[in-house]
Amino acid sequence: MENFDSINTVGLKKEEVLNLAFESEKTRDFSPSINNISIGLSSGTSGNRGIFLTSKKEQAIWVGAILDRVIGFSFRRRKIAFFLRANNNLYEAAKTGLLSFTFFDLKTPIEQHIKILKELKADILVGQPSVLVAIAKNYQSEKIKPTFDKIISVAEVLEDDHKEFLRSIFNCPINQVYQCTEGFLAYTCKHGQLHLNEDWLEIEKKYLDSEKTRFHPVITDYLRSSQPIVRYELNDILHEGTTCSCGARSTVIRKIEGRSDDVFRFFQNEKEVIIYPDFIRRTIILASGKITNYTATLTDERTICMYLEVEETSELPAVFKVVKFEIQRMLSEFGVDDIDIVKIDKKQDPMTKFTRIKNEYSKSI
Ligand SMILES: [Zn+2]
């Protein structure tokens with residue numbers, strides 16, 4: 001983003017692009033474009049926002065890829081309900097005679113959308129996992145019969161427990177689109193595995209550990225030219241899976257663990273100790289079966305703030321005590337002691353990205 005002006009090939013200046021994009025977020029009129037180049041903003045988790053530019057041709061390619069990989073072609077008319085932080089011309093472009101899109105603005109509380117969503121009888125529901133979960137809870141409590149053939153999770157990492165919950169309520173496949181400013185990276189195949197789109201992306205793997213389980217993808221996109229992406233390293237931590245029986249030869253992603261920004265780093269006896277998000281996740285889940293939702297945030301050098309939800313609120317203090325003990329025990333196995341674990345009451349803001357494990361303290365890698 002620092003070198004946006006010299007990197008883009010369509011002569012746009014970052015300042016004019018940002019001004020226009022912010023203006024359209026404010027007015028909720030999501031059709032900003034300059035010289036036929038559509039402008040999208042991504043909410044970078046590390047605070048800086050990414051701009052993504054798409055020409056008409058790139059939009060057409062994106063629509064083709066999404067239809068083919070995610071929505072699946074059908075001659076049947078289908079309705080797609082789209083819950084988004086902000087709309088983009090890109091999504092509008094996917095409208096065809098056979099597909100209709102209804103855009104639900106996340107600025108409006110979800111409860112207010114439910115009635116329209118119910119009446120819409122959409123075939124496909126698209127949204128970020130935290131929003132999909134909120135919709136599912138509403139369907140559950142209001143006893144609404146779901147009409148969806150497919151749920152598509154976007155924008156955030158889809159956690160396994162959320163996926164299971166969504167499947168239990170909506171009773172249909174829960175697919176994932178792994179997409180970011182840098183492009184449409186991966187999709188769920190019909191066998192339920194997440195495949196990298198290696199037919200138009202070159203994806204090199206920069207391994208992060210000696211066992212070669214975790215890697216950062218380094219991507220080159222052969223189809224984007226207005227904003228070229230060449231050997232760009234993402235700081236997402238991916239786990240490679242085995243081959244898939246669906247027939248696609250592309251790399252299978254077993255898991256998106258999170259971002260490297262969100263790895264917890266501690267200093268003990270002048271030595272840096274790295275704790276990957278998965279260790280924290282697993283410890284919390286295994287500590288108690290009563291936990292229905294949680295977040296863990298490193299807020300300073302020695303403090304982890306925890307938000308916990310349990311089925312019976314009265315059990316919260318006891319559950320928290322166990323979780324606290326288990327996290328401290330796990331950390332001490334890594335040689336990290338004296339970490340304070342503090343309980344917080346925090347409501348999820350639907351406009352921000354939901355991140356279970358977050359490092360707000362140190363961003364350096
Ligand atoms: Zn597959």
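**Helix α9, its sheet and its surroundings**

Me: Just after α9, which residue takes a positive phi?

Reply: Gly 335 does, with a phi of about 85°. This is a predicted model, in which local features need pLDDT of at least 70 and side-chain atom pairs count only at pLDDT 80 or more, while totals for chains, interfaces and linings use all residues. Residues are numbered from 1 along each chain as its sequence is written.

Me: What makes a stretch a helix or a strand here, and how many of each are there?

Reply: Helices are DSSP runs of H or I with at least four residues, strands are runs of E with at least two, and both are numbered from the N terminus. On that basis the protein has 9 helices and 21 strands.

Me: How do you know that the span of helix α9 agrees with its number of residues?

Reply: The expected span is 1.5 Å times one less than the number of residues. Helix α9 covers residues 316-333, and its 18 residues should therefore span 26 Å; the C-alpha atoms at its two ends are 26 Å apart, which agrees.

Me: Which residues of α9 are buried, and what puts them on the same side?

Reply: A residue is called buried if 20 or more other C-beta atoms, placed from the backbone, lie within 10 Å of its own, exposed if 12 or fewer do, and partly exposed in between. In α9 the buried residues are Val 319, Phe 320, Val 323, Ile 327 and Leu 331. They cover an arc of only 100° around the axis, taken from the directions between the helix axis and the C-beta atoms, which puts them on the same side of α9. An α-helix has 3.6 residues a turn, so residues three or four places apart point the same way. Turned away from the buried side is a face that carries the exposed residues Pro 317, Phe 325, Arg 329 and Glu 333.

Me: What do the buried residues of α9 pack against?

Reply: They pack against α8 (277-287), β18 (291-300), β19 (303-310) and β20 (340-343), where contact requires two C-beta atoms, placed from the backbone, to lie within 7 Å. Helix α9 lies across β18, β19 and β20, and runs at about 140° to β19, the angle being taken from 0 to 180 degrees between N-to-C directions of axes fitted to C-alpha atoms, for helices over the stretch in contact. Helix α8 lies across β18 and β21, and runs at about 140° to β18.

Me: Why are β20 and β21 called edge strands?

Reply: Two strands pair if DSSP finds at least two bridges between them. The open sheet has 4 strands in the order β20-β19-β18-β21, with mixed pairing; β20 and β21 (357-359) each pair on one side only, and these are the edge strands. Neighbouring strands of this sheet are turned by 20° against each other on average, direction ignored. Strands β18 and β19 pair in the antiparallel sense over 8 bridges, and Thr 297 has Cys 305 in β19 as its bridge partner.

Me: Why does Tyr 276 count as buried, and why does Ser 288 count as partly exposed?

Reply: Tyr 276 has 20 other C-beta atoms within 10 Å, so the residue meets the limit and is buried. Ser 288 has 18 C-beta neighbours inside 10 Å, which means that Ser 288 falls in the intermediate class. Tyr 276 lies in the loop between β17 (271-275) and α8 and touches Glu 257 and Val 263, residues up to four places away in sequence being left out. Ser 288 is found in the loop between α8 and β18, and with the same exclusion this residue touches Val 319, Val 322 and Val 323.

Me: How do you know that both faces of strand β6 are covered?

Reply: In β6 (residues 124-127), Ile 124 and Val 126 on one side and Leu 125 and Gly 127 on the other are all buried. Strand β6 pairs in the parallel sense with β4 (residues 78-84) over 3 bridges, and 4 bridges join β6 to the parallel strand β7 (residues 150-153).

Me: How do you know that the radius of gyration of the protein agrees with that of a compact globule?

Reply: The globule rule is 2.2 Å times the number of residues to the power 0.38, with the radius taken over C-alpha atoms. For 365 residues a compact globule would have a radius of gyration near 21 Å, and the protein has 21 Å, so the two agree. Buried residues make up 33% of the 365 residues.
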